[in-house]
Amino acid sequence: MPREKPKARKEFWKTVRRLRTFSSPTDGRTIQVRITDAVPADSMGDCTRYKKYYRIRLKRSIADKCSDDVLYLLLAHEWAHALAWDNCTNTHGDAWGLAPAKLWRIIIGEFAIGDYFDLD
């Protein structure tokens, strides 16, 4: 019997779509998000770069048990790796450090379109 998804998961996937719209990597790759058991035991999630996309994996046991805010923070953390990969190679460097704040504003809906698009 397939595992049922928690109700909040619907909102989670809406958030993923919103992040794809307003915060995509500049290198042209897309971002795939998976909630899966196939995450290393010592990790809550990870981000891997492939030729045409980044894959974010979030550990199912964490996603199923944690609050929405924790899940969204984990998503923002891993999404930031995709955004900063070319500048800091998948570490928590300066380029990575600014990304979670921008992502969090998108997640909670407190951003101005002008913050993300050059309207000139």
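Two strands count as paired if DSSP finds at least two bridges between them. With that in hand, here are some close-ups of this predicted model.

**View 1. An open sheet with 3 strands.** Reading across the sheet, the strands come in the order 1-3-2, and the pairing is mixed. Strand 1 (30-36) and strand 2 (45-49) sit at the edges, each pairing on one side only. Ignoring direction, neighbouring strands here are turned by 15° against each other on average.

**View 2. Strand 1 alongside strand 3.** These two strands pair in the parallel sense, over 7 bridges. Want a spot to look at? Find Gln32, which stands opposite Arg55 in strand 3.

**View 3. Lys59, a buried lysine.** Lys59 belongs to strand 3, which covers residues 53-59. Here's the curious bit: Lys59 is buried, yet it has no salt bridge. Asp42 is the nearest side chain of opposite charge, and it is 6.7 Å away. A salt bridge would need a side-chain nitrogen of Lys or Arg within 4 Å of a carboxyl oxygen of Asp or Glu, so a gap like that doesn't qualify.

**View 4. What surrounds the Lys59 side chain.** Which backbone oxygen lies 3.0 Å from a polar atom of the Lys59 side chain? That one belongs to Ser43. The backbone oxygen of Ala41 also lies 3.2 Å from a polar atom of this side chain. Leaving aside residues up to four places away in sequence, Lys59 touches Thr36, Val39, Pro40, Ala41, Ser43 and Met44.

Note on methods. Residues are numbered from 1 along each chain as its sequence is written. This is a predicted model: local features need pLDDT of at least 70, side-chain atom pairs count only at pLDDT 80 or more; totals for chains, interfaces and linings use all residues. Side-chain values use heavy atoms; hydrogens and water are left out. Helices (H or I, at least four residues) and strands (E, at least two) are DSSP runs, numbered from the N terminus. Buried means under 20% relative accessible area, exposed over 50%, partly exposed in between (1.4 Å probe, protein chains only). Lys and Arg count as positive and Asp and Glu as negative; His and the chain ends are not counted. A polar contact is a pair of N or O atoms within 3.5 Å; within protein, one must be able to donate a hydrogen and the other to accept it, and residues adjacent in sequence count only if both atoms are side-chain atoms. Contact means heavy atoms within 4.5 Å. Axes are lines fitted to C-alpha atoms, for helices over the stretch in contact, and angles run from 0 to 180 degrees between N-to-C directions.
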